[in-house]
Amino acid sequence: MTREEFARLVMAIRTYYPKEKILPNKEAMQLWYEQLNDLDYATLSMSLQKWVNTEKWSPTIADLRRLSAEITTPSLDIDAGQSFQEARKMIQTYGRYRREDALANMSPITRKVVERMGYDTMCDCENIEVERGQFTKIFDNLSQRERQDAQLPNKLKELITSTTMQLEEKYDEKM
C-alpha cells in the first residue's frame, strides 16, 4: 500500500468516526502506516468497510489486520464441526490403507488435526463423541494460531522465527 492510499484510508476512518481523535499527528500516522503498509489497499479498504458496517467504534490496527486476514485466507472460515465431518468423510471414503489419499483430499487445517490425532487412531475410534471432543480441542488451538499468524506481517513472522531458532540453538548447546 502506498502512502497516498494510506492517507485515503485514514481520511475515511476520520470521516466515519468524526468524534474520535483518530491518528491525531504525523507520528501516529507513521506508526499506523508501518504496521499496515504490507497489506493490499483494496483488501484493507474492504476490511474497513466491513468494520464500519458491523462495529460501533473505530478500528484498531489489530482489527484491520484480522479482517484483512479473514478476507485473504478463506481457509480460516471452516469451523471445528465442518472440519470433523470432513475428516470422518475422508476416512470413510479412503479407509485405513489409503491414508495419503485421504490426507491429500483434506483442507490444510483438517489434515493437521488428523495428523496430530493420528490417522490410524481415528480409523480405529469406537467412541465418536470422545473423538469429536479431542478433535475440536486440537482444531481450536491450531485455528487460533493460524488466525494470529495470518494477521502478522511477514517481516515480523520472519523475525520471530529467527529469534526462536536462535533460542533453540542456545538451548541445544546447553544440553
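The exercises below, with worked solutions, concern salt bridges, nonpolar cores and confidence in a predicted model.

Residues are numbered from 1 along each chain as its sequence is written. Local features need pLDDT of at least 70 and side-chain atom pairs count only at pLDDT 80 or more, whereas totals for chains, interfaces and linings use all residues, and side-chain values use heavy atoms, with hydrogens and water left out.

**Exercise 1. Confidence**

Task: State the average pLDDT of the protein, and identify the elements with the lowest and the highest mean.

Solution. Step 1: pLDDT is the predictor's confidence in each residue, from 0 to 100. The protein averages 92, and 99% of the residues score at least 70.
Step 2: Helices are DSSP runs of H or I with at least four residues, and strands are runs of E with at least two, numbered from the N terminus. The lowest mean, 83, belongs to helix α10 (residues 154-174), and the highest, 96, to α3.

**Exercise 2. The pair D38 and R65**

Task: Describe how the side chains of D38 and R65 meet, and place both residues in the chain.

Solution. Step 1: A salt bridge requires a side-chain nitrogen of Lys or Arg within 4 Å of a carboxyl oxygen of Asp or Glu. D38 and R65 form one with an N to O distance of 2.9 Å.
Step 2: D38 lies in the loop between α2 (26-36) and α3 (41-54), and R65 in helix α4 (residues 61-72), so the pair ties together parts that are 27 residues apart in sequence.
Step 3: Buried means under 20% relative accessible area, exposed over 50%, and partly exposed in between (1.4 Å probe, protein chains only). D38, at 40%, is partly exposed, while R65, at 6%, is buried.

**Exercise 3. The pair K112 and E146**

Task: Which helices does the salt bridge between K112 and E146 tie together?

Solution. Step 1: The closest N and O atoms of K112 and E146 are 2.8 Å apart.
Step 2: K112 lies in helix α7 (residues 108-117) and E146 in helix α9 (residues 128-151), so parts 34 residues apart in sequence are tied together.

**Exercise 4. The largest nonpolar core**

Task: Determine which elements build the largest nonpolar core.

Solution. Step 1: A nonpolar core is a set of buried Ala, Val, Leu, Ile, Met, Phe, Trp, Tyr and Cys residues joined through side-chain atoms within 4.5 Å. The largest has 19 residues, and F135 and F139 are among those with the most contacts inside it.
Step 2: Two or more residues come from each of α5, α6, α7, α8 and α9, and α5 gives the largest share, 6 residues.
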